[in-house]
Amino acid sequence: MSRFKKNGKKETPELNMGSMSDIIFMFLFFFMVITTMREASLKVHFTPPQATEIQKLEKKSLVANIYVGAPISKNENTLPPGEVSVQLNDQTIKAEELVADVRDFIGTEKESRDAQDRDKLTFSLKVDKDVQMRYVNTIKQELRKNNALKINYAAGKRAN
Amino acid sequence: MSKRKTPGLNTGASADISFLLLTFFLLTSSINTEQGIPRKLPPPKTDDTPEMKADINKRNVLNVLVNYLDQISVNGEVMPVSELKDKAKEFFSNPTNDPSLPEKVNKPIDGIGDFAVSKGVVSLTNDQGTSYNMYVQVQNELQRAVNELRDETALQYFGKKYDVLDSAAQRAVTAAIPMSISEAPPMDWSKNGAQ
């Protein structure tokens, strides 16, 4: 009997870690596909209103965001009387430059897309729920003037 | 010539690397925030577009007014936002062919056949001082009324809810239950009224 037993101590075999990286990579790709990078840091407080009939936007690459809300820091540009800021890209815009800035923003957003995608470009209005409609109306008017007609009122999901 | 065995690479560290990447993506990303109520703005005004269509019959218009205190009036009747959906639904469907509710026109629609399409239009007016939250709630309730009617029509003609229909059937249902909201220029209470 004892001739089969070579040692009292048995060495545990080393685990093969090669496939572990595959599993982690799978996770990684999953997250890469379902996520979007936050391209701009927020300069305004933004709490979306809650709604029930919301729809998901199909293509994230065809969405341009316009943020409206109370400014986070005191140094941001505001619209009169000074409680609400509008953020395009990563800057809040000055009241007197609003018309030109919105036009430029729409122009550059449209230009950065392929010609056949331009009509599908959606402007998502990310407006804080406490903002008065006067600011939203101004922006909607500018969007309309510049032929950016596909818009989206960003909202969170409410059960009922 | 004896074949030499290549020593196995130690791949344990590659799991660490991919973990690092995974954590990076987890931290820098936000999952699916792009959701909301999609709308189309009317095309910009040109000189050709008529100012107002005066020939729209009064019974075909549902006047929804939201004032600066977020109160809602529908055709002159004040109501909470929770009742707006049923009112809009009744307005769009007009089940009893009430002469005070919108008229319907029989139209042939592919896949459905003749369908009495409502001529109703919701005219939405808000104040400059209306809160955005209330505006979205009103839009939401109107959308909900239309969605419920579309679901009912889809169940009746196709036996399925609107969401799970194929795109041709969805187009047919959309043609049968159109969603027409017209936004009037906003009022400004702080300019007209005494403050």
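What follows is a short chat about a sheet in chain B of a predicted model and the helices on it.

Biologist: What makes β4(B) and β5(B) a pair?

Modeller: Pairing takes at least two bridges. β4 (residues 72–74) of chain B has three bridges to β5(B), in the antiparallel sense, so by that cut-off they count as paired. B:I72, for instance, stands opposite B:M79 in β5(B).

Biologist: And how do you know that β3(B) and β8(B) pair?

Modeller: Six bridges join them, running parallel; the cut-off is at least two, so they pair. There, B:N63 stands opposite B:S123 in β8(B).

Biologist: What about β8(B) and β9(B)?

Modeller: Three bridges, in the parallel sense, and at least two are needed, so that's a pair too. B:V122 stands opposite B:I181 in β9(B).

Biologist: Which order do the strands take in the sheet?

Modeller: The five go β5-β4-β3-β8-β9 in chain B, as an open sheet with mixed pairing.

Biologist: Why are β5 and β9 of chain B at the edges?

Modeller: β5 (77–79) and β9 (181–183) each have a single partner strand, so one side of each has no neighbour in the sheet. As for twist, neighbouring strands are turned by 25 degrees against each other on average, direction ignored.

Biologist: Which helices touch these strands?

Modeller: Helix α2 (residues 81–93) of chain B lies across β3, β4, β5 and β8 of that chain, at about 20 degrees to β4(B). Helix α3 (residues 132–158) of chain B packs on the sheet too, touching β3, β4, β8 and β9. Its direction makes about 155 degrees with that of β3(B).

Key. Residues numbered from 1 in each chain as written. Chains lettered and ligands numbered in written order. Predicted model: local features only at pLDDT ≥ 70, side-chain atom pairs only at ≥ 80, totals over all residues. Helix = DSSP H or I, 4+ residues; strand = E, 2+ residues; numbered from the N terminus. Axes fitted to C-alpha atoms, helices over the stretch in contact; angles between N-to-C directions. Contact = placed C-beta atoms within 7 Å.
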